[in-house]
Amino acid sequence: SPDHFYHPQFISNVTYLLAKYYADPKYLMIEITENMGLFDFERANDIINKLQTIGIETSIDDFGTGYSSLSVLREFPVNEIKLDRSFINKSLNKKDEIIIQSIIDMANKLKIDVITEGVELVEQKDFLHRLGCDRIQGFLYDKPLPKDKFEQRMKEGYYKV
């Protein structure tokens, strides 16, 4: 939330928790929702740079839903964007395809990973794969699970890691 992200102790709290739990920061990614209110570009950029100095990557969640999508890519050193589900949650037409393809191409040229959210159908997965988006998330693979069920599935080899 903006309250957490902009809190004066945010970076020191994250650093403390990493040390407390002996966590390697390369396994942590901070997701920033695009419409979270990244209005203070200078301050947000400073926070993101400090996170990356620690070794924490940043992701822009719900990319494409706010009014500042391109500004976010220009202003912040993000590692990943998560293309909002609204881009594929309807019957796709040529205009949608051009927009999605342009976002993927632009992100690739900027060396930013793209994940598309909300993929529920094989047809959506195939469509995105054809456009060059190989990273997807959604109910096509699984629905949210309680921790114990997830752990059981991991033990059974249900998920390929």
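In the predicted model, the side chains of Lys82 and Glu31 form a salt bridge, with an N to O distance of 2.8 Å. The two partners come from distant parts of the chain, as Lys82 belongs to strand β3 (residues 80-83) and Glu31 to strand β1, 51 residues apart. Their surroundings were also assessed. Lys82 has a relative accessibility of 7% and therefore counts as buried, while Glu31, at a relative accessible area of 41%, is partly exposed. Side chains of opposite charge can pair when their charged atoms come close. In total, the structure contains 11 salt bridges.

A further salt bridge joins the side chains of Arg130 and Glu97 at 3.2 Å, N to O. This pair also links distant parts of the chain: Arg130 is in helix α6 (residues 122-131) and Glu97 in helix α5 (residues 94-109), 33 residues apart. Arg130 counts as exposed, with 53% relative accessibility, whereas Glu97 is buried, its relative accessible area being 17%.

Arg153 and Asp142 meet through their side chains in another salt bridge, at 2.4 Å from N to O. Because Arg153 lies in helix α7 and Asp142 in the loop between β5 (135-136) and α7, the pair ties together parts that are 11 residues apart in sequence. The relative accessibility of Arg153 is 25%, so this residue counts as partly exposed. Elsewhere, Glu80, Asp113 and Arg135 are joined into one network by salt bridges that share partners.

Helix α7 (residues 147-156), which holds Arg153, was examined for burial. Of the 10 residues of α7, the number that are buried is zero, and the helix therefore lies largely in the open. Just after α7 comes Gly157, which takes a positive phi of about 80°.

Helix α2 (residues 10-20) has buried residues on one side and exposed residues on the other. Phe10, Ile11, Val14 and Leu18 are buried in this helix. Seen down the axis of α2, these buried residues fall within an arc of 100°, so they line one face of the helix. Their cover includes α1 (2-5), β1 (29-33) and α3 (41-54). Strand β1, part of that cover, is also the strand that contains Glu31.

On the other side of α2, Tyr16 and Ala19 are exposed. Tyr16 also takes part in a nonpolar surface patch of about 360 Å², made together with Leu17 and Tyr21. Tyr22 follows α2 and has a positive phi, near 50°.

Thr58 provides a view of strand β2 (residues 57-63), in which it lies. With a relative accessible area of 0%, Thr58 is buried, since residues under 20% are classed in this way. Apart from neighbours within four places in sequence, Thr58 is in contact with Met29, Ile30, Ile48, Leu51, Gln52, Pro77, Val78, Asn79 and Glu80. Among these contacts, Met29 and Ile30 fall in the range of β1 (29-33), while Ile48, Leu51 and Gln52 fall in that of α3 (41-54). Glu80, another contact of Thr58, is a member of the salt-bridge network with Asp113 and Arg135.

How values were computed
Residues are numbered from 1 along each chain as its sequence is written. This is a predicted model: local features need pLDDT of at least 70, side-chain atom pairs count only at pLDDT 80 or more; totals for chains, interfaces and linings use all residues. Side-chain values use heavy atoms; hydrogens and water are left out. Patches are made of residues with over 30% relative accessible area and no salt bridge: like charges are joined within 9 Å, nonpolar side chains (Val, Leu, Ile, Met, Phe, Trp, Tyr) within 5 Å. Accessible areas come from the Shrake-Rupley method with a 1.4 Å probe; for residues, only the protein chains shown count as cover. A salt bridge is a side-chain nitrogen of Lys or Arg within 4 Å of a carboxyl oxygen of Asp or Glu. Helices (H or I, at least four residues) and strands (E, at least two) are DSSP runs, numbered from the N terminus. Buried means under 20% relative accessible area, exposed over 50%, partly exposed in between (1.4 Å probe, protein chains only). The arc is that of the directions from the helix axis to the C-beta atoms. Contact means heavy atoms within 4.5 Å.
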